[in-house]
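Trainee: I am new to this structure and would like a close look at a single part of it. Please take me through that part step by step.

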Amino acid sequence: MPAMIVCVCNRVSDRDIRRHASEGCESYDTLQMATGVATCCGRCDSCAREVFESAQVPASVHVHRAVVQAVALPA
Ligand code: FES
C-alpha cells in the first residue's frame with residue numbers, strides 16, 4: 001500500500017507516523033518534535049493524531065519485546 005502524505009508542510013506520511021509509534025514514541029508531542037508533523041499550518045493535526053493514536057503500541061508490548069530480545073541473546 002502506498003504511503004499517504006499526512007503533513008504536506010513537513011512531508012510526513014502515515015507510514016512515518018506508524019513507524020514512530022511502533023518504535024515506542026510515547027506521545028503526540030514527542031512525535032511532533034521528531035517529525036515536525038502539524039507544526040506549521042496545523043491543517044493536518046486531526047488526521048495526524050488519528051493515525052498516531054490508531055498505531056500506538058501498548059507499553060506492555062514494548063516490555064514483552066525487550067524480554068524476548070534479552071532471552072534470545074546468547075550468554
Ligand atoms: S500540513 Fe501539516 S503543518 Fe501544514
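Trainee: How close do the axes of α1 and α3 come, and at roughly what angle do they cross?

Mentor: The model is a predicted one, and a short outline of the whole will help before the detail. The protein has 75 residues, of which 23% count as buried. Its secondary structure consists of 4 helices and 2 strands, arranged along the sequence as β-β-α-α-α-α. Among the contacts with a separation of 6 or more, 52% join residues 24 or more positions apart.

Now to your question. The axes of α1 and α3 come within 9 Å, and they cross at roughly 40 degrees. An angle between 35 and 65 degrees counts as oblique, and α1 and α3 are therefore oblique to each other. The crossing of α1 past α3 is right-handed.

The residues that meet at this crossing can be listed from each side. From α1 come Asp14, Ile17, Arg18, Ala21 and Ser22; from α3 come Ala48, Val51, Phe52 and Ala55. By type, the residues of this contact are 6 nonpolar, 1 polar and 2 charged.

Next, consider α1 by itself. This helix covers residues 14–22, and its buried residues are Asp14, Asp16, Ile17 and His20. Viewed down the axis of α1, those buried residues lie within an arc of 160 degrees, so they line one face of the helix. A general point about helices helps here: an α-helix has 3.6 residues a turn, so residues three or four places apart point the same way. Two of the buried residues of α1, Asp14 and Ile17, are also among the residues that meet α3.

The buried residues of α1 have other partners besides α3 (45–55): they also pack against β1 (5–7), β2 (12–13) and α2 (28–35). After α1 comes Gly24, which has a positive phi, near 100 degrees.

One residue outside the helices gives a contrast with the buried face of α1. Arg43 sits in the loop between α2 and α3. It has 12 other C-beta atoms within 10 Å, and a residue with 12 or fewer counts as exposed, so Arg43 is exposed. Along the chain Arg43 and Val6 are 37 residues apart, while 9.5 Å separates their C-alpha atoms.

To put the part together: α1 has buried residues along one face, these pack against two strands and two helices, α3 being one of them, and α1 passes α3 in a right-handed crossing.

Key: Residues numbered from 1 in each chain as written. Predicted model: local features only at pLDDT ≥ 70, side-chain atom pairs only at ≥ 80, totals over all residues. Buried ≥ 20, exposed ≤ 12 C-beta atoms within 10 Å, placed from the backbone. Contact = placed C-beta atoms within 7 Å. Arc of directions from axis to C-beta. Axes fitted to C-alpha atoms, helices over the stretch in contact; angles between N-to-C directions. Parallel < 35°, antiparallel > 145°, perpendicular 65-115°, else oblique. Left-handed = near helix turned anticlockwise from the far one by under 90°. Nonpolar A, V, L, I, M, F, W, Y, C, P; charged D, E, K, R; others polar.
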